[in-house]
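Colleague: Please take me through the empty spaces in this protein, and through what surrounds them. I would like one close look, in short sentences.

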Amino acid sequence: MENTSKTYTHPSDKHYTSEKHTQILIALLKAHGIRKIVASPGATNVCFVGSLQSDPYFEIYSSVDERSAAYIACGLAKESGEPVVLSCTGATASRNYPAGLTEAYYSNLPILAVTSTQFQGRVGHLIAQVIDRSSLMKDIAKKSIQIQEIHTKEEEWSVESSINDALLELRRHGGGPVHINLMTSYSKDFSVKELPKVRVIHRHFYGEAFPQLKGRKILVCVGSHVRWTERLTNAVDEFCELYDAAVICEHISNYRGKYGIYPVLIGSQEDKPCDFLKVDVMIHIGNILGLNTVATTDEVWRVHPDGEVRDTFKRLTNVFEMDESQFFECYVEMNKNALRKTEYYTAFQTACMELENKIPELPFSNPWIAKTSIPYLPKDCQLYLGILNTLRSWSYYYISHDSNITIYSNTGGFGTDGLVSSLLGASLTNPDKIYFGIIGDLAFFYDMNALGNRHVGNNFRLLVINNGRGTEFRNYNHLAERFGEAADPYIAAAGHYGYMSQKLVRHYAEDLGYKYLSARNKEEYLAAFEQFFTPEKLEQPVLFEVFTDSEKESEALKLLHHLDISASGAAKNLVRGILGEKGVSMVKKILN
């Protein structure tokens with residue numbers, strides 16, 4: 001065995017391959033401190049190996065037999081304590097790795113098997129040296145990823161995140177082998193002299209030294225979250241005071257501490273960006289956001305017990321695999337002697353409340369219903385919000401922390417179906433609590449059979465916003481808006497389920513033993529809604545059907561998104577008015 005990088009002089013005019021995804025892999029190997037390579041001969045891995053041997057950082061060894069190469073890597077990793085990279089060509093070369101990778105798996109050795117391959121669309125077409133590596137035996141790799149060539153910024157982000165994830169897995173939970181299937185187009189261009197700058201993701205565990213946050217502008221961003229413990233709430237509140245931070249939430253975040261900001265309204269202003277959302281670091285906890293009103297930042301830190309790389313905002317730099325309470329308590333301890341202040345939160349919250357006070361009288365719509373109803377939600381109730389129009393409409397408005405209301409939405413799979421059943425399931429847990437659901441007509445009809453379940457109790461209350469279609473697709477700012485009324489037949493699925501029948505849902509509900517309420521305008525709603533939201537126990541479950549118009553829904557949305565305007569926003573509107581959307585798009589293309 002010989003070290004080829006020391007034996008041979010690389011041609012001075014040859015550097016790194018022009019294949020961007022291979023450059024990113026090499027740059028991240030260096031960033032993660034991985035230098036040992038065992039390379040086997042072949043054509044499909046020329047771009048990768050040819051680039052590695054031009055870089056003196058790497059310690060490269062050669063092995064003709066891939067089975068032997070895998071075991072050589074095991075020995076290197078075991079003796080040095082470092083990760084070792086394997087590289088092989090296409091065809092059956094990789095089929096010789098499993099024996100050595102099995103050893104690595106059960107011995108927790110950090111072996112990275114990089115198997116080079118042709119375009120994967122060729123699999124199954126009787127093309128020479130193309131085999132399917134999409135499925136592996138369970139005990140030869142902790143993680144396996146496919147890396148395609150890069151043509152767009154989105155693909156570049158995906159490749160960078162995926163490779164970071166794979167490299168971090170080498171040392172995680174005791175270590176073990178990882179597989180990267182690296183596509184190539186056999187580029188002959190090796191003229192690239194410098195590797196690209198890459199975003200490196202680090203993983204941290206409880207008890208380790210953490211990166212510093214002193215002097216940085218910080219937001220805590222909370223996605224959907226189960227009910228908070230008192231310990232977590234106290235830790236986050238103290239963190240905010242010591243670092244002058246704030247917590248940006250949606251209702252489904254369920255944070256009830258002192259420093260919550262609900263930025264959906266201020267972050268939705270189309271004519272004025274929110275400067276309060278520009279920060280140095282955003283700490284991301286919880287799960288999926290319903291509306292993605294987030295900060296502009298160069299760094300996102302993800303905190304979750306699963307420790308997975310979840311690069312939601314394409315800015316992930318640190319993953320903390322630990323309980324959220326542990327994370328915030330550690331940072332409180334690190335800065336416990338700091339002067340406590342809340343200037344950032346106070347200014348941000350003031351701006352949000354001032355903007356909410358600018359909301360004009362809205363047309364009869366889901367946003368108007370939300371604004372009117374939220375003050376009447378009983379304390380300690382639970383609220384389920386349908387996707388997506390309802391979730392957005394109710395998130396524009398502040399709900400008092402003192403009300404102790406828990407709010408959920410089916411954002412895990414983010415589908416329109418299942419909310420009525422989820423509401424029913426929740427209501428069965430505590431007969432003394434009132435459970436409210438707000439849902440659109442299509443989502444309701446998806447799941448209306450749940451109303452007939454014999455377990456439904458008198459603590460179940462459902463408000464159905466019926467506009468006879470998926471009104472989301474008729475909003476002024478939706479992709480389908482360009483079709484106008486032509487969106488109704490297929491995109492918005494208008495006209496189904498009795499097409500806003502005044503009797504269909506009523507008879508269904510009443511025959512099942514529900515108290516039925518309805519409203520077709522503001523006056524009728526105001527006459528009925530207090531009965532629906534009463535904190536008093538009722539004898540029956542309640543279904544409240546409210547009929548709205550899609551045009552009014554879109555009009556309300558547009559009003560809410562244009563409450564504030566800056567000088568630059570006014571100028572943009574003027575240009576848009578003169579050139580039209582097509583003209584604006586053409587100017588953007590020219591400038592780009």
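Modeller: What follows goes from the second largest pocket to the cavities, then to a buried helix, a loop residue and a helix pair. Keep in mind that this is a predicted model.

Start with the pocket. Rolling a probe the size of a water molecule over the atoms shows where empty space is left. The second largest pocket holds about 390 Å³ of space. Its lining counts 21 residues. Nearest the centre of this pocket lie Ile 387, Thr 416, Leu 442, Ala 443 and Gly 470. Two elements, α12 (389-395) and α14 (441-446), each give two or more residues to that lining. Of the elements, α14 gives the most, with 4 residues. By class, the lining of the second largest pocket has 9 nonpolar, 9 polar and 3 charged residues.

Now the cavities. There are 4 of them at 30 Å³ or more. The largest cavity has about 90 Å³ of space. Its lining includes Tyr 262, Leu 265 and Ile 266. Gln 349, Cys 352, Met 353 and Glu 356 are also among the lining residues, and so are Ser 395, Tyr 396, Tyr 397 and Tyr 398. The elements giving two or more residues here are α8 (264-267) and α10 (343-356). The largest contribution is from α10, at 4 residues. The lining of the largest cavity divides into 8 nonpolar, 2 polar and 1 charged.

The second largest cavity takes up about 40 Å³. Here α14 returns, with the largest share of the lining at 3 residues. Among the lining residues are Asp 441, Leu 442 and Phe 445. Leu 442 has already appeared, among the residues nearest the centre of the second largest pocket. Others lining the second largest cavity include Asn 466, Gly 468, Arg 469, His 496 and Tyr 497. By class, the lining of this cavity has 6 nonpolar, 4 polar and 2 charged residues.

Next, a buried helix. In helix α11 (residues 366-373), 7 of the 8 residues are buried, so α11 is largely enclosed by the rest of the structure. The buried ones are Asn 366, Pro 367, Trp 368, Ile 369, Ala 370, Thr 372 and Ser 373. What covers them includes α12, β17 (460-466), α16 (522-532), β19 (542-547) and α17 (550-560). The helix α12 also gives residues to the lining of the second largest pocket.

Then a loop residue. Thr 411 sits in the loop between β15 (406-408) and α13 (419-427). Thr 411 is buried, because its relative accessible area is 2%, and buried means under 20%. Leaving out residues up to four places away in sequence, Thr 411 touches Ser 224, Ile 252, Ile 288, Gly 290, Ile 387 and Leu 391. Ile 387 is also one of the residues nearest the centre of the second largest pocket. Thr 411 and Asn 287 are 124 residues apart in sequence. In space they are 8.7 Å apart, C-alpha to C-alpha.

Last, a helix pair. The axes of α2 (residues 20-31) and α6 (residues 153-169) come within 10 Å and cross at roughly 35°. This crossing is right-handed. From α2, the residues in contact include Ile 24, Leu 25, Leu 28 and Leu 29. From α6, they include Val 159, Ile 163 and Leu 167. The contact of α2 with α6 has 7 nonpolar, 2 polar and 3 charged residues.

Note on methods: Residues are numbered from 1 along each chain as its sequence is written. This is a predicted model: local features need pLDDT of at least 70, side-chain atom pairs count only at pLDDT 80 or more; totals for chains, interfaces and linings use all residues. Side-chain values use heavy atoms; hydrogens and water are left out. On a 1 Å grid over the protein atoms alone, a cavity is a set of points where a 1.4 Å probe fits but cannot get out, and a pocket is an open set with protein on both sides within 12 Å along at least five of seven lines; lining residues have an atom within 4 Å of a point. Grid points are joined across faces, edges and corners, and a volume is the space filled by probe spheres set on the points. Ala, Val, Leu, Ile, Met, Phe, Trp, Tyr, Cys and Pro count as nonpolar, Asp, Glu, Lys and Arg as charged, and the others, Gly among them, as polar. Axes are lines fitted to C-alpha atoms, for helices over the stretch in contact, and angles run from 0 to 180 degrees between N-to-C directions. A crossing is left-handed if the near helix is turned anticlockwise from the far one by less than a right angle, and right-handed if clockwise. Contact means heavy atoms within 4.5 Å. Buried means under 20% relative accessible area, exposed over 50%, partly exposed in between (1.4 Å probe, protein chains only).
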